[in-house]
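Here's a quick tour for anyone meeting this structure for the first time. Take a look at the sequence and the model, then read on.

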Amino acid sequence: DNHLDKVNLILWPRLKATADLHIQSLRNANNRALWSDDVHAHYITRRYAEMTASLLVLNADFADNQVDHIVERMRTAFNELLMKLADMHTGTKAPIVFLVNN
């Protein structure tokens, strides 16, 4: 459909720009401000999961590789942030428990 193609051309650059901002914010996150001496699930994990689930649901019927690439880049940035937060925990058990819970 010609109309849907036009809408896609309008929306896709904005989706990509917004996703890039989310990924950049994960990479630039202040570990000290996000860190707490708690090994339970972090609120960042919930937000990441909701964002990723939304993108995957939107992409379910289209199987667009560009969305898959965004999700992969976001996962990589999120994992890097989790590792930094886990490294801030002391001892040998707490970082592992933090990673398992997140």
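## Pockets, a ring pair and one threonine

Let's begin with the largest pocket: α1 (2-27) and α3 each give its lining at least two residues. This is a predicted model, where local features need pLDDT of at least 70 and side-chain atom pairs count only at pLDDT 80 or more, while totals for chains, interfaces and linings use all residues. Residues are numbered from 1 along each chain as its sequence is written, and side-chain values use heavy atoms, leaving out hydrogens and water.

Helices here are DSSP runs of H or I with at least four residues, numbered from the N terminus. A pocket is an open set of points on a 1 Å grid over the protein atoms alone, where a 1.4 Å probe fits and protein lies on both sides within 12 Å along at least five of seven lines; lining residues have an atom within 4 Å of a point.

Back to that largest pocket: its volume is about 520 Å³. Of its 13 lining residues, N8, W12, L58, F62 and D64 are the closest to the centre. Helix α1 gives the most to this lining.

The second largest pocket draws at least two lining residues from each of α1, α3 and α4 (65-87). H22, Y48 and M74 are among the residues that line it.

Here are the two side by side (a volume is the space filled by probe spheres set on the points, which are joined across faces, edges and corners; Ala, Val, Leu, Ile, Met, Phe, Trp, Tyr, Cys and Pro count as nonpolar, Asp, Glu, Lys and Arg as charged, and the others, Gly among them, as polar).

| Pocket | Volume | Top helix in lining | Lining classes |
|---|---|---|---|
| Largest pocket | about 520 Å³ | α1, seven residues | nine nonpolar, two polar, two charged |
| Second largest pocket | about 200 Å³ | α3, four residues | seven nonpolar, two polar, one charged |

Now for the rings. How many aromatic pairs does the structure hold? Just one aromatic pair (Phe, Tyr or six-membered Trp rings with centres within 6.5 Å). The ring centres of Y48 and F78 are 4.1 Å apart and their planes sit at 5 degrees, so the pair is stacked (planes under 30 degrees apart). Because Y48 is in helix α3 and F78 in helix α4, the pair ties together parts 30 residues apart in sequence. Both Y48 and F78 are buried (under 20% relative accessible area, with a 1.4 Å probe and protein chains only).

Finally, T52 has its place in helix α3 (residues 43-59). T52 is buried too, with a relative accessible area of 9%. Leaving aside residues up to four places away in sequence, T52 touches V71 and M74 (heavy atoms within 4.5 Å).

Note on methods: Buried < 20%, exposed > 50% of the residue type's maximum accessible area, 1.4 Å probe, protein only. Phe/Tyr/Trp six-rings, centres within 6.5 Å; stacked < 30°, edge-to-face > 60°.
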